[in-house]
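Please look at the sequence and the structure shown below, and keep both in view while reading this report. The text moves from one part of the chain to another, with a short heading for each.

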Amino acid sequence: MIIVLDTNVLMRAIFSDDQHGKNIMRLHNKGSISIVTSSCIDKEWTSIFRLMCCRIIDDTPPEDVVRDKNNWMRFIKTFVDFVGPLKRVHITDVKKYSPDKDDDMFFQCAVCGNADMIISYNSDHLNIFDNKYKNKQGKKIRVLSPYQAYIIISGKEKGISVRY
């Protein structure tokens, strides 16, 4: 199964005790999923990652925090597949549904990377687009929260069909 990971899921997995995001990372480590990304998403990941490093306040020297977190980020980038060039997909054409133009890149990546789903904590407004777009193989792309995605993916591993 191929997924696109929204920045908010990745950052919560790295910087908080968010078990849903960490479960998605565990599925990847087990080989149950592949993560695809694009240069646009990578740029956002890196930018938000640096912002989050600056917000860590404890007794750890800032340069140690950044070095440790940078090592983690480099590790993450070694197990994602980059796709490109991206096909233009404009989910923000319908302004009342998605005011965030930055979400377009996740759909562009999903379409071009043959993703089965986009995993995001923005699924409350992105799920309007659930099954609206198809990947290059013609399969509809799901938009799910980390919890929903984990239930579906781990259910498939056990031979259980789960629908959301």
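## Helix α1 and its buried residues

In this predicted model, the buried residues of helix α1 are Thr 7, Asn 8, Val 9, Leu 10, Met 11, Ala 13 and Ile 14. The helix spans residues 7-15, and because seven of its nine residues are buried, α1 is largely enclosed by the rest of the structure.

One of these buried residues, Ala 13, can be followed a little further. Ala 13 lies in helix α1 and has a relative accessibility of 4%, which is under the 20% cut-off, so it counts as buried. When its neighbours within four places in sequence are left aside, Ala 13 is in contact with Asp 18, Gly 21, Lys 22 and Met 25. Asn 23 stands ten residues away from Ala 13 along the chain, and the C-alpha atoms of these two residues are separated by 8.6 Å.

Arg 12 takes part in an arrangement with a ring: Arg 12 lies over the face of Tyr 121, at a distance of 3.9 Å from the ring centre. Aromatic pairs, on the other hand, number zero in the structure.

## The chain as a whole

The secondary structure of the chain consists of seven helices and five strands, and reading along the sequence gives the pattern β-α-α-β-α-α-β-α-β-α-β-α. The chain has 164 residues, of which 46% count as buried. If one considers the contacts in the chain with a separation of 6 or more, 67% of them are accounted for by residues that are 24 or more positions apart.

## The sheet

The five strands form an open sheet with parallel pairing, and their order across the sheet is β3-β2-β1-β4-β5. At the edges are β3 (80-82) and β5 (142-144), each of which pairs on one side only. If direction is ignored, neighbouring strands of this sheet are turned by 35 degrees against each other on average.

The pairings can be followed strand by strand. Strands β1 and β2 run parallel and are joined by three bridges, and within this pairing Ile 3 has Ile 35 in β2 as its bridge partner. Three bridges also join β1 to β4, again in a parallel arrangement, with Leu 5 standing opposite Ile 119 in β4. Strand β2, which covers residues 34-37, pairs with β3 in the parallel sense over three bridges, and the bridge partner of Val 36 in β3 is Asp 81.

## Helices against the sheet

Helix α2 (residues 19-30) lies across three strands, namely β1 (2-5), β2 and β4 (117-119), and runs at about 145 degrees to β1. Helix α5 packs on the sheet as well, where it touches β1, β2, β4 and β5, and its direction makes about 165 degrees with that of β1.

How many of the residues of α5 are buried? Nine of its nine residues are buried, and the helix is accordingly described as mostly covered. The buried residues of α5 include Asp 104 and Gln 108, as well as Met 105, Phe 106, Phe 107 and Val 111.

## After helix α5

Asn 114 follows α5 and has its place in the loop between α5 and β4. Although Asn 114 is not a glycine, it has a positive phi of about 55 degrees. Is this residue buried or exposed? Its relative accessible area is 19%, which is under the 20% cut-off, and therefore Asn 114 is buried.

## The nonpolar core

The largest nonpolar core has 37 residues, and those with the most contacts inside it are Ile 3, Val 4, Leu 5, Ile 24, Ile 118 and Ile 119. Helix α5 (residues 104-112) provides the largest share of this core, with six residues.

Leu 5 gives a closer view of these contacts. With its neighbours within four places in sequence left aside, Leu 5 is in contact with Leu 10, Ile 24, Met 25, Ile 35, Ile 41, Trp 45, Phe 106 and Ile 119. Among these partners, Leu 10 is one of the buried residues of α1, Phe 106 is one of the buried residues of α5, and Ile 119 is the residue in β4 that stands opposite Leu 5.

How values were computed: Residues numbered from 1 in each chain as written. Predicted model: local features only at pLDDT ≥ 70, side-chain atom pairs only at ≥ 80, totals over all residues. Heavy atoms only, no water. Core = buried A, V, L, I, M, F, W, Y, C linked by side-chain atoms within 4.5 Å. Buried < 20%, exposed > 50% of the residue type's maximum accessible area, 1.4 Å probe, protein only. Helix = DSSP H or I, 4+ residues; strand = E, 2+ residues; numbered from the N terminus. Contact = heavy atoms within 4.5 Å. Phe/Tyr/Trp six-rings, centres within 6.5 Å; stacked < 30°, edge-to-face > 60°. Lys NZ or Arg CZ within 6 Å of the ring centre and 35° of its normal. Pairing = 2+ DSSP bridges. Axes fitted to C-alpha atoms, helices over the stretch in contact; angles between N-to-C directions.
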